[in-house]
Amino acid sequence: PEAKLWWWNVTASKRTYASTSHLPGLLQSVFLTLQQTTVDTCLHQRLLNTHRQVFIPRRRKSVAGEIVLITGAGHGIGRQTAYEFAQRKSRLVLWDINKHGVEETAAECRKLGATTHVFVVDCSNREEIYSSVDQVKKEVGDVTIVVNNAGAIYPADLLSTKDEEITKTFEVNILGHFWITKALLPSMIRRNHGHIVTVASVCGHGVIPYLIPYCSSKFAAVGFHRALTSELEALGKTGIKTSCLCPVFVNTGFTKNPSTRIWPVLETEEVVRSLIDGILTNKKMIFVPSYINISFAIERFLPERALAAINRVQDIQFEAVIGHKIKMK
């Protein structure tokens with residue numbers, strides 16, 4: 001019979017099938033072993049997490065009264081994150097380059113009862129970031145939680161990607177994290193209190209063709225989070241927490257028509273629920289869905305042939321510029 005690889009989608013509670021009949025027998029065996037190991041591990045992890053939640057509930061911190069700065073708050077994950085903090089009585093500082101979008105977010109947050117301040121900021125501009133942080137300190141106070149969420153993505157093959165698009169990707173996706181964190185960290189260190197959230201991606205752990213600048217910048221963001229976490233621990237600043245969000249494709253409109261046989265395409269609300277849960281429990285690495293980290297761990301032990309076959313089975317597709325023409329890739 002034809003061998004098939006299936007992946008249990010915990011979120012959707014259904015199996016996703018991908019044919020492996022075109023692969024050599026050895027690779028089919030690798031896939032079937034990978035399948036069973038992953039599912040067993042996922043089920044074990046879920047049972048363990050359920051046991052912990054029932055018998056050892058995770059302590060959730062209060063964020064009421066905290067001053068929360070969210071970049072990229074005019075759309076998608078940033079907007080939904082603002083709503084969640086608003087419901088928890090945080091004081092909000094919302095940044096976005098899109099004035100209309102961020103004001104819409106702010107209006108909804110105010111309806112939820114949150115004190116909300118809006119700033120139109122280009123997170124690729126270092127001087128604008130520094131001057132905006134100074135303004136926030138004067139008008140609102142010291143930020144205690146920052147969600148570095150603003151992002152840029154230009155799906156294209158490398159030769160079709162413009163130089164300025166590569167520069168913009170790195171300026172927004174990683175350099176902006178440096179400037180914002182440098183500007184906010186001194187007050188957190190003085191109080192030994194704060195939380196720095198890095199919004200990265202699974203593309204910071206594995207690569208996808210036609211997203212070279214994006215993947216590279218997200219690898220840098222994950223590295224930034226890990227190195228910052230280590231440095232704060234070395235400094236003895238255990239009151240400053242860090243979290244890194246790494247979702248798969250999210251339906252925000254930035255990537256057009258994404259699809260994959262194995263990974264789900266996530267809705268913003270689902271991602272933000274996991275993000276908020278991670279922040280409130282001081283979780284350092286937040287994968288969405290949570291089983292993705294298991295698949296990455298298993299892939300480290302597979303040969304290159306098997307990894308190439310997995311990529312073919314995944315069949316990740318989205319609109320991208322290939323040879324200066326828009327195609328589904």
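This talk goes through the main sheet of the structure above, two helices that pack on it, one helix in detail, and one buried histidine.

Bear in mind that this is a predicted model.

I will start with the sheet. It is open and has seven strands, paired in parallel, in the order E5-E4-E3-E6-E7-E8-E9. The edges are E5, residues 116–120, and E9, residues 285–288. Each of these has a single partner strand, so one of its sides has no neighbour in the sheet. On average, neighbouring strands are turned by 15° against each other, ignoring direction.

At the E5 edge, E4, which covers residues 91–96, pairs with E5 in the parallel sense over five bridges. Within that pairing, valine 93 has histidine 117 of E5 as its bridge partner.

Two helices that pack on the sheet come next. H3, residues 99–111, touches E4 and E5, and its direction makes about 175° with that of E5. H7, residues 268–280, touches E7 (194–199), E8 (240–247) and E9. The angle between the directions of H7 and E9 is about 160°.

Now to H4, which runs over residues 126–139. This helix has 14 residues and spans 20 Å from first C-alpha to last, close to the 20 Å expected at 1.5 Å a residue. Which residues of H4 are buried? They are Ile129, Ser132, Val133 and Val136. Looking down the helix axis, the buried residues of H4 fall within an arc of 105°, so they line one face. That buried set packs against E4, E5 and helix H5, residues 163–191. On the face turned away from the buried side, H4 carries Glu127 and Lys138, both exposed.

The ends of H4 deserve a word. At the N-terminal end, asparagine 125 acts as the cap, with a side-chain oxygen 3.1 Å from the backbone nitrogen of glutamate 127. So Glu127 appears twice here: its side of the helix is exposed, and its backbone nitrogen faces the cap in this contact. After H4 comes glycine 141, with a positive phi near 130°.

Last, histidine 225, which sits in helix H6, residues 212–234. Is histidine 225 buried or exposed? It is buried, because its relative accessible area is 3%, and the cut-off for buried is under 20%. What does histidine 225 touch, leaving aside neighbours within four places in sequence? Its contacts are Thr198, Thr242, Ser243, Cys244, Lys284 and Met285. Of these, Thr198 belongs to E7, and Thr242, Ser243 and Cys244 belong to E8, going by the strand ranges. Met285 lies in E9, one of the edge strands.

How values were computed:
Residues are numbered from 1 along each chain as its sequence is written. This is a predicted model: local features need pLDDT of at least 70, side-chain atom pairs count only at pLDDT 80 or more; totals for chains, interfaces and linings use all residues. Side-chain values use heavy atoms; hydrogens and water are left out. Two strands pair if DSSP finds at least two bridges between them. Helices (H or I, at least four residues) and strands (E, at least two) are DSSP runs, numbered from the N terminus. Axes are lines fitted to C-alpha atoms, for helices over the stretch in contact, and angles run from 0 to 180 degrees between N-to-C directions. Contact means heavy atoms within 4.5 Å. The expected span of a helix is 1.5 Å times one less than its number of residues. Buried means under 20% relative accessible area, exposed over 50%, partly exposed in between (1.4 Å probe, protein chains only). The arc is that of the directions from the helix axis to the C-beta atoms. A polar contact is a pair of N or O atoms within 3.5 Å; within protein, one must be able to donate a hydrogen and the other to accept it, and residues adjacent in sequence count only if both atoms are side-chain atoms.
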